[in-house]
Amino acid sequence: MFKFMRGKQHPVPAERLRQQKELFRYAKTVQHGFPSKPSALAYDPALSLIAVGTKAGVVNVYGQPGVEFYGQHKNTDSAVRQIVFLPNQRRPQAWSKHSVYRPLVQGRLVTHCDDNSLHLWEINFKAGASAMEEVRSLTMEGKLKTISTCCLEATAEHLLVGTEGGNIYLLQLASFTLTDNIIYQDVVMQNVPDDYKVTPGAVECIRQHPTFADKILVGYNRGLMVVWDRKQLNAERVGIWDRKMVHGDQTYVCNQSLETVCWSRDGAEFMSAHNDGSFIIWNARKLSKPDGPHTPYGPFPCKSMTRVCWVTGDSGDWVVFSGGMPRASYGDKHTVSVLKRDAQREEEKHVAFDFTSAVVDFVLLGGEGPEAASQSPHTLLVLAEEELVAIDLSSEGWPTHQLPYLNSLHSSAITTSCYVTDCGADAYRRLLAAGERQRQPASQKPWPVTGGEPVGASAASRDLLLTGHEDGSVGVWAAGDVSLRPIYRLTTSRLFSEEEDDRDARERESDEDFPPLRSVGLFDPYSDDPRLAVKKVAFCRETAALVVAGTAGQVVVWRLADDEQQGYKVQPVLVDLVAEQDGFAWKGHDRLPARPEPLTLAAGYQPCSVIQLQPPAAVSALSLQDSWGLLAAGTGHGFVLFNYVQNKPVMHKCTLNPNDYAASGESPMTRGKSLKKSLRESFRRLRKGRSQRAAGPRKASPAPAPTAGSEAASPAGKGPAPPGAASEDDVRPVERSVEARSEDPAFSGMIRCLYLATSYLAHGQPQMRTLWAGTNSGAIFVYAIHCPAAEKRATEAVTWQPGKEFRLKHGAPVIDIRIVDAGGRSVSGAPPEEAAAGPHRVVIASEEQFKVFTLPTMRPYGKFKLTALEGSRVRRIGYARFCASATDDSAYTEWCLMCMTNQGDLNVFTLPELRRQMHEDSVRREDIQGITSLVFTEHGEALYLASSSLYQRLALSSGVPVRPACRLTLPGADTTVDSHRDFLSGEPEVVEISSEEADRLMHGMRGLVNGVGGQEEKSVENFSEEKDGIKKSLQKSKETHISASEDPDKNVTAERQETERLLTTTESTSDSVTTRSKEEVKVVRTTRITAGTKVTEIATELPPAAGKHNGASELASRRRRLLAPGPSQVFASSENDYDNIDGATGAPLARSEDTETDL
């Protein structure tokens, strides 16, 4: 006790420090959902990747499902305006931090931000995780240099940068600097007749000629378009169109502002789009009258045609554009129109896709390049402000694709979420089958974006994420992988709401012949009735039974069915929680009326029981035990235990007792409580505390078993505990709460948590089914439940009896109750044979502290006072298994408690000792949505809403299986880039090199045959960190030895041996005693390369090393053989030193002083 008051702590043993390092590691892993406020979209046909930029400076790159890369600009207030993918290139010599030319050919792109800056990104391996790195940046200063558009030239050596001042600058990508070659607007204007020499405005768009690399098409804001010959430095033709022909010159006049231009596939024509909703087709080879203007939705005034894409072919052409709708009738529509025309440019098919949010950008997939004249685009990707929509243009009817990622989780606002770990195999299979039947109208073609590939075999996970929404729907998502994949969509509104669905109404409104509107996308921000909002969701992982509770007290039990059901009639069971309260008047909203007509239920989830709680308040707690056939639901007025097998309530309790208004001891004097009575009770407490402190030195007499540290802790119906039975907590100094609780007594009876579990409730009795309920004022009710056998549950009634009833002394809201076994594992999730093993303990988590009691005696076992020590309050609770390895089940494991506080901190505590193992600042304290939406998983993870549409996944455990692990394979066999490679894992970074570099490598390797090798020791790196009284220092070093030999067949084998050493020193001081421990890791990696006319291969071997990070030795090897002979396909490590050997003399070449280490 005195040591605790003085703050003394025992030193942490070295073995425990090692276990903590193996078990706990905080990291942000992956993102699920749709990025908030998107602003740019790009597509790379060579790599088959898409990139999305946002207004917060985020750049995400996506390939096939499981391939994702994330980037963030340093200026988070700068929006990404444009993204340009760069083709397959080598990193220039000037960029490398080594003297060796590193052929790191990777996915690269340039972003343009609205702070007038350009940024170069590369997808690289760094620190054992996939990362998108910003390697270069450039900011253009001056008002006239404000960037308006960018275009990559055909040779990919320069980026053409158009400005508001009208000039075009050339950015050399090799050095990422501006060149002196500038296309001035004044030079362009020299070829314009004097009658039309007006200021053309900013450079609106730049397009590279598809067949002539020296020509570009420049469009200015006020309608001037120029085909500029960069080689001859003159304008080939100037076009200005005013809907009338001016004879005698090559000039056309236009009084409409230009929005964008695009070339035909052969470069013979180009198309311009204007702000009056029209487009014009110009002939770039001869002087002729242009085709147009065409106003698809005229003749009435139309909105601007902001973006146009024109794909021409032998069988016809495709014109895709955004905007252009009539202002008066359809000015509020957000559309992307697709016109398919035949070879004579007669319209064959015309659809205007209608979106519920503004269109940001779109791209066409397929039919790229001049060689694809016979191909047509197969997919239209449309990026809207709230969703991504992929339309299959190669299938009949142009259906939409089912998205494997970037799903609009917030199609209706998310109101609650629930994570299910390891769903049962049979239940998961039935759930997938039901989802497949539900997705029949979608496109059957595979997802068209196929870039990259995941590294390693993905684990067969059956984790689910359930999201409840404002419109009464529930989304079921496969959450065990990098991509969050939709499985099933459940709608509850059709059971209650009689109003027509808003989406059906929009579709009926769009049945007019012209414009040919078609509603697409899932985002629908409008809800018919706010009472439909889902508040709580419960799921049974073994049977897939689902319970959905809403805002108006409605609770629906759903089960999977394989067949359709006809004539189902909704018949809610009314449960009045305040029937015994005289004079109570509900002043809130009415309950939802049930739909009167019979319904036809499709195969999938079908309702089996509908419960209506009265008063119709929002459900605040929910618990399900499908094996018992019971569920418990609570509101602000009480709770009910319901038998949905027999469709009737078992018991219910109202917690709105007038005496409970003063339960917390801090509420105002109301309902007849006099000042005299309050003073009398205050003096009694003072006398009681004084007498107990005076009796402190005496030896305490034996007392009954302490209860939950409560003021009225006793079994229900036996009255308050006698004064002589006061526990040790009663004589300790009272700790004042850091934050004042709500003084409104109306919320004291609100049910905050419900828990159904099998455990010990009485001495000398076997385990029994129990129900635990916790309220907002710290009251806890425990009941024993007696269920008949499984074969008799349909006929025999379920009985109950009160068990315990007590109140926490500090009176804080009880937010979670969980019964755990001796190892800290929850008995509700453990197998029956393991759950039967004792002893059992109950963990009661309130907003201010955690307490552990031994069952059935309710003796205190341990506690942790979070609010009294740190001033923060608990908001979310979870229990997880922490394992040192994600694949090895025999590795050391622990079950721990996790919590999220109102300060955004994540904490991990051991069970049942409640010793803190981790404390991390995770979410900003101002982010209320992120804190309240967080859910924990049993793998040691957490998910929270980083925005209204995006879940951020966090890892608290070292053995978390969901981590981004992917690589990019570029066409042409230049490079393979691994985006995830753990340090000292034995897998080197392996890349292919060109023929010229292979010849130079062979030349250097033959020089090594002369016996000249090299040993290099790089500079030692030191790192130190001090946290919580523990000082850690890390020393890293690396040595390299090179040798080579030649066999009789003229095949040269070079060997590179790298020795890496890590020396970790830990120093902790406690009670004036200093403890030091050292741990050294030594790893020797050997790389052999054999090159010649017959064999080309690489092999890397990692011998067993003592003292690795996880304390285990490891042997890893990697070998790759090429079937094609010749030195042009030699594999080499990305940091090999063979290029540093002079082939003639065998002497090592000079190295640059600027070196870096992979450690």
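**T467.** I started with the side chain of T467, which makes a polar contact with the side chain of W477 at 3.1 Å. The model is predicted, and I read this distance as a computed one. T467 lies in strand β31, residues 464-469. Is T467 buried or exposed? T467 has a relative accessible area of 1%, under the 20% cut-off, so I noted T467 as buried. I then listed its contacts, leaving out residues up to four places away in sequence: T416, S417, S473, V474, G475, W477 and Y951.

**L464 and the core.** I next looked up the largest nonpolar core, which has 35 residues. Which members touch the most other members? They are L464, L466, F539, L546 and Y605. Helix α5, residues 425-438, gives this core its largest share, four residues. I took L464 as the example and set aside neighbours within four places in sequence. L464 is in contact with C418, Y419, V420, C423, Y428, L431, V476, W477, A478, A479, I487 and F539. W477 is thus on the list for L464 and also on the list for T467.

**Aromatic pairs.** I searched the whole structure and found 15 aromatic pairs. In one of them, the ring centres of Y297 and F321 are 6.1 Å apart and the planes stand at 55°, so I entered the pair as tilted. Y297 sits in the loop between β21 (291-294) and β22 (305-313), while F321 is in strand β23 (residues 316-323), 24 residues apart. Both Y297 and F321 are buried.

I also looked at Y783 and W800: their ring centres are 5.6 Å apart with planes at 75°, so this pair is edge-to-face. Y783 belongs to strand β48 (residues 779-786) and W800 to strand β49 (residues 799-807), 17 residues apart. Y783 counts as buried at 7% relative accessibility, whereas W800, at 37%, counts as partly exposed. Y783 and W800 form one aromatic cluster with F639 and F781.

**Cysteines.** How many disulfides does a search of the whole structure find? I got zero. I checked two cysteines for burial: C753 counts as buried at 6% relative accessibility, and C787 counts as buried at 16%.

**Whole chain.** I counted 12 helices and 71 strands. Of the 1159 residues, 53% are buried. Among contacts with a separation of 6 or more, 60% are between residues 24 or more positions apart. The chain exposes about 52100 Å², and carbon and sulfur atoms supply 48% of that area.

Terms used
Residues are numbered from 1 along each chain as its sequence is written. This is a predicted model: local features need pLDDT of at least 70, side-chain atom pairs count only at pLDDT 80 or more; totals for chains, interfaces and linings use all residues. Side-chain values use heavy atoms; hydrogens and water are left out. A nonpolar core is a set of buried Ala, Val, Leu, Ile, Met, Phe, Trp, Tyr and Cys residues joined through side-chain atoms within 4.5 Å. Buried means under 20% relative accessible area, exposed over 50%, partly exposed in between (1.4 Å probe, protein chains only). Helices (H or I, at least four residues) and strands (E, at least two) are DSSP runs, numbered from the N terminus. Contact means heavy atoms within 4.5 Å. Accessible areas come from the Shrake-Rupley method with a 1.4 Å probe; for residues, only the protein chains shown count as cover. A polar contact is a pair of N or O atoms within 3.5 Å; within protein, one must be able to donate a hydrogen and the other to accept it, and residues adjacent in sequence count only if both atoms are side-chain atoms. A disulfide is a pair of cysteine sulfur atoms within 2.5 Å. Rings of Phe, Tyr and Trp (its six-membered ring) pair if their centres lie within 6.5 Å; planes under 30 degrees apart count as stacked, over 60 as edge-to-face and the rest as tilted.
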